[in-house]
Amino acid sequence: QVQLVESGGGLVQPGGSLRLSCTASGSIFSVDAMAWYRQAPGKQRELVADISSSGRTNYIDSLKGRFTISRANAKNTVNLQMNSLKPEDTAVYYCSAAVRTTTFVLRNYWGQGTQVTVSS
């Protein structure tokens, strides 16, 4: 089995910063693309950013310049640095990873989500 565990969410004032981390563990042979999604109350889950195993990144246009995704392949970890946070960034943030298990099955896994609240 494979587990994704997120950390780093919380309450922050507008203009502040948070750093989210997500680590994949378990029966892992390799980890391909990793990504962060978010879901605000009453809205659909949306892709925030993703990063390939080679480090190529992709962001939704509205977040470019404020959010930065990175990964540490040796640790099967993906991070999301969030700066200049706005109240509209409030959401549950989910980590996702395409994992090839030790039985060479490739499938997508999700973390449990971490709450980010931006409020004064």
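**Rings, strands and loops: how the labels are earned**

Author: In this predicted model, the charged end of R45 sits over the ring of W110, at 4.8 Å from the centre of that ring.

Reader: What makes the charged end of R45 count as sitting over the ring of W110?

Author: The rule asks for CZ of Arg to be within 6 Å of the ring centre and within 35 degrees of the ring normal. The charged end of R45 is 4.8 Å from the centre of the W110 ring, and the pair is listed as sitting over the ring, so both conditions are taken as met. R107 is described in this way too, with its charged end over the ring of Y109, 4.2 Å from the centre.

Reader: Why is the pair of F29 and F104 called edge-to-face?

Author: A pair of aromatic rings is described by the distance of the centres and the angle of the planes. The ring centres of F29 and F104 lie 4.8 Å apart, which is within the 6.5 Å needed for a pair, and their planes stand at 65°, which is over the 60 degrees needed for edge-to-face, so the label follows. A search of the whole structure finds two aromatic pairs.

Reader: How do you know that the pair links distant parts of the chain?

Author: F29 belongs to strand β4, whereas F104 belongs to the loop between β9 and β10, and the two residues are 75 residues apart. F104 also has a positive phi of about 70°, although it is not a glycine.

Reader: Why is I28 counted as buried, and why is S84 counted as partly exposed?

Author: Buried means under 20% relative accessibility, and I28 has 17%, so I28 is buried. S84 has 39%, which falls between 20% and 50%, so S84 is partly exposed. I28 lies in strand β4, and apart from its neighbours within four places in sequence it is in contact with several residues, including V2, N76 and V99. S84 lies in the loop between β8 and β9, and its phi is near 50°, a positive value in a residue other than glycine.

Reader: What makes the side chain of T90 a partner in polar contacts?

Author: The limit for a pair of N or O atoms is 3.5 Å. A polar atom of the T90 side chain lies 2.9 Å from the backbone oxygen of P87, and one lies 2.9 Å from the backbone nitrogen of V118, so both distances fall within that limit. T90 itself is placed in the loop between β8 and β9.

Key: Residues are numbered from 1 along each chain as its sequence is written. This is a predicted model: local features need pLDDT of at least 70, side-chain atom pairs count only at pLDDT 80 or more; totals for chains, interfaces and linings use all residues. Side-chain values use heavy atoms; hydrogens and water are left out. Helices (H or I, at least four residues) and strands (E, at least two) are DSSP runs, numbered from the N terminus. Buried means under 20% relative accessible area, exposed over 50%, partly exposed in between (1.4 Å probe, protein chains only). Contact means heavy atoms within 4.5 Å. Rings of Phe, Tyr and Trp (its six-membered ring) pair if their centres lie within 6.5 Å; planes under 30 degrees apart count as stacked, over 60 as edge-to-face and the rest as tilted. A polar contact is a pair of N or O atoms within 3.5 Å; within protein, one must be able to donate a hydrogen and the other to accept it, and residues adjacent in sequence count only if both atoms are side-chain atoms.
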